[in-house]
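Student: I would like to learn how helix packing is read from a model. Could we go through one case together?

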Amino acid sequence: MRPELDRSLLVDLARPVVARISPGEDELFPLLTEAYFADPGAFAEPARRGGPLAFGLPEVLVLLTPVALAAMTEAVRYVVELAMRKGHRVTSAALRRAFRAAPPQSVGSASDAQASLELTVQEWSEVRRIVEQVAVRGGVDPDQAALIADAVVGQGRLSGEVR
C-alpha cells in the first residue's frame, strides 16, 4: 500500500479533523483538497501559499484542509511503516478503523473487514508529534497545531467514547 497514492483514504481521514477544528471550511473542502493534491508541497512553503490554498491575509488565516491532508499523509506513512516493521499487512480499511474515519462508499473485501491495527500509547504519541510538527511547518500557530494533533489522536483513540 502506498498511502500517498490513496487520496480517498487521506480525504476520509482529514475531513473529520477539518470539520471539528474549522467547520467553516466544509464547503471549500473539495476545492482545497484538489488544490492540495495538485501541489502538496505548497502548503509548507510561505512563498507558494498563494492561489487556491490562500484566503485573505496569510498571517491572519491558514486554511486547515491542506494542513490536515499533509499531516494525515505523514501520520499514515508512519503507521504503515510501523506496521510493516511489526510484520503486519496494512489495508486502507484498517487505517480508517484505526483513525475512526468514515468508511468509503465502496465495500472492502472480507480480508479488509478482518484487518486490525492497534497502536500503543507511545505510537499514538508519535502520531501526535508528527501531526503537530507538520501543522507548524504549514504555518499553523503552535497552539492551534496542538489542537489539530489532539483532534487526530482523539479521533483514533476516543471514537465512540465519551470525550
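**Reading helix packing**

Tutor: In this predicted model, H1 passes H2 in a right-handed crossing. The contact is formed by Arg 7, Leu 10, Val 11, Ala 14, Arg 15 and Val 18 on the side of H1, and by Phe 29, Thr 33, Glu 34 and Phe 37 on the side of H2.

Student: How many nonpolar, polar and charged residues are there in the contact of H1 with H2?

Tutor: The contact of H1 with H2 divides into six nonpolar residues, one polar residue and three charged residues.

Student: What describes two packed helices?

Tutor: The general idea is that two packed helices are described by the angle between their axes together with the distance between those axes. In the present case, the axes of H1 and H2 come within 12 Å and cross at roughly 130°. Angles from 115 to 145 degrees are neither roughly perpendicular nor roughly antiparallel, and H1 and H2 are therefore oblique to each other.

Student: At what angle do the axes of H2 and H3 cross, and within what distance do they come?

Tutor: The axes of H2 and H3 come within 9 Å, and they cross at roughly 55°. H2 and H3 are therefore oblique to each other, and H2 passes H3 in a right-handed crossing.

Student: Which residues of H2 and H3 meet?

Tutor: From H2, the residues Phe 29, Leu 32, Thr 33, Tyr 36 and Phe 37 meet Thr 65, Pro 66, Leu 69, Ala 70 and Thr 73 of H3. The contact of H2 with H3 divides into seven nonpolar and three polar residues, with no charged residue in it.

Student: Which helices supply at least two residues each of the largest nonpolar core?

Tutor: Let us begin with the members of that core. The largest nonpolar core holds 45 residues, of which Val 76, Val 79, Leu 95, Phe 99, Leu 117, Val 127 and Val 131 touch the most other members. At least two residues of this core come from each of H1 (7-21), H2 (29-38), H3 (64-85), H4 (92-98), H6 (121-137) and H7 (142-157). The most is given by H3, with 14 residues.

Student: How many helices and strands are there in the protein, and what percentage of its residues count as buried?

Tutor: The protein has seven helices and zero strands, and of its 163 residues 45% count as buried. Among the contacts with a separation of 6 or more, 66% are accounted for by residues 24 or more positions apart.

Note on methods. Residues numbered from 1 in each chain as written. Predicted model: local features only at pLDDT ≥ 70, side-chain atom pairs only at ≥ 80, totals over all residues. Heavy atoms only, no water. Core = buried A, V, L, I, M, F, W, Y, C linked by side-chain atoms within 4.5 Å. Buried < 20%, exposed > 50% of the residue type's maximum accessible area, 1.4 Å probe, protein only. Helix = DSSP H or I, 4+ residues; strand = E, 2+ residues; numbered from the N terminus. Axes fitted to C-alpha atoms, helices over the stretch in contact; angles between N-to-C directions. Parallel < 35°, antiparallel > 145°, perpendicular 65-115°, else oblique. Left-handed = near helix turned anticlockwise from the far one by under 90°. Contact = heavy atoms within 4.5 Å. Nonpolar A, V, L, I, M, F, W, Y, C, P; charged D, E, K, R; others polar.
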